[in-house]
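This briefing addresses the fold, the helix packing, the nonpolar core and the backbone outliers of a single chain. Please read it alongside the sequence and the model.

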Amino acid sequence: MRKLYGIIAVVSILVRQFVLPNPFEPLGETFTLSIKDFSISLTPAVANLIAEPALHAIAFAVVGIYYSRENHEPAFGSFLYLLFYLIHIGLIYIISSFGFTPVAIVIILVVYVIAHISVNALINKFSY
């Protein structure tokens with residue numbers, strides 16, 4: 001099973017590096033990030049570099065909801081990481097398409113949380 005883990009890990013790296021779009025591209029060539037009285041102009045590439053560590057941490061944390069080393073193979077965890085990374089990139093892309101409006105952010109977050117609650121309810125229903 002370690003071999004399968006290695007294959008999934010390599011596929012995951014290749015997909016993340018060469019297949020996925022930059023989720024901040026819908027914002028245009030440059031956009032302004034404003035926090036209170038502070039504003040900075042960013043490009044999608046720079047925004048992606050800044051967001052990447054947080055995206056990694058969030059995807060890793062979400063995988064922990066569904067995966068434990070004691071109960072699952074490492075290949076399953078690697079697959080889940082890629083899956084949630086893809087989902088999070090997609091969600092950021094959708095939110096970017098709406099210009100990071102608060103309404104879009106709230107709606108997408110609520111739907112996302114409801115999806116996790118539903119999946120966990122299904123997992124619990126079929127595992128007991």
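The points below are grouped by topic, after a short summary.

The model is predicted. Its secondary structure consists of 4 helices and 2 strands, arranged along the sequence as α-β-β-α-α-α. Two helix pairs are described here, helix 1 with helix 3 and helix 2 with helix 4, followed by a nonpolar core of 20 residues and two residues other than glycine with positive phi, Lys36 and Phe100.

**Overall architecture**

- Taken along the principal axes, the C-alpha atoms of the chain fill a box of roughly 50 × 30 × 20 Å.
- The chain has 128 residues, of which 28% count as buried.
- Among contacts with a separation of 6 or more, 56% are accounted for by residues 24 or more positions apart.

**Helix 1 against helix 3**

- Helix 1 spans residues 2–19 and helix 3 spans residues 74–97; their axes come within 8 Å and cross at roughly 15°.
- Because this angle is under 35 degrees, helix 1 counts as roughly parallel to helix 3.
- The crossing in which helix 1 passes helix 3 is left-handed.
- On the helix 1 side, the contact is made by Arg2, Leu4, Tyr5, Ile8, Ala9, Ser12, Val15 and Arg16.
- On the helix 3 side, the contributing residues are Pro74, Ala75, Ser78, Phe79, Tyr81, Leu82, Tyr85 and Leu86.
- By residue class, the contact of helix 1 with helix 3 comprises 12 nonpolar, 2 polar and 2 charged residues.

**Helix 2 against helix 4**

- The axes of helix 2 (residues 44–66) and helix 4 (residues 102–127) come within 11 Å, with a crossing angle of roughly 25°.
- Helix 2 is therefore roughly parallel to helix 4.
- Val62, Ile65 and Tyr66 of helix 2 meet Tyr112, His116, Val119, Asn120 and Ile123 of helix 4.
- The contact of helix 2 with helix 4 includes 6 nonpolar and 2 polar residues, and no charged ones.

**Nonpolar core**

- In soluble globular proteins, nonpolar side chains tend to be buried together.
- The largest nonpolar core in this model has 20 residues, and Val63, Leu80 and Phe84 have the most contacts inside it.
- Helix 2, helix 3 and helix 4 are the elements that give two or more residues to this core.
- Helix 3 supplies the largest share of the core, with 8 residues.
- Apart from neighbours within four places in sequence, Leu80 is in contact with Val63, Tyr66 and Tyr67.
- Tyr66 also belongs to the helix 2 residues that meet helix 4.

**Positive phi outside glycine**

- Lys36 is not a glycine, yet its phi is positive, at about 55°.
- Lys36 lies in the loop between strand 1 (31–35) and strand 2 (38–42).
- Lys36 counts as exposed because its relative accessibility is 81%, where the threshold is over 50%.
- Phe100, likewise a residue other than glycine, has a positive phi near 55°.
- Phe100 is located in the loop between helix 3 and helix 4.
- With a relative accessible area of 34%, Phe100 is partly exposed.

Methods:
Residues numbered from 1 in each chain as written. Predicted model: local features only at pLDDT ≥ 70, side-chain atom pairs only at ≥ 80, totals over all residues. Heavy atoms only, no water. Axes fitted to C-alpha atoms, helices over the stretch in contact; angles between N-to-C directions. Parallel < 35°, antiparallel > 145°, perpendicular 65-115°, else oblique. Contact = heavy atoms within 4.5 Å. Nonpolar A, V, L, I, M, F, W, Y, C, P; charged D, E, K, R; others polar. Left-handed = near helix turned anticlockwise from the far one by under 90°. Core = buried A, V, L, I, M, F, W, Y, C linked by side-chain atoms within 4.5 Å. Buried < 20%, exposed > 50% of the residue type's maximum accessible area, 1.4 Å probe, protein only.
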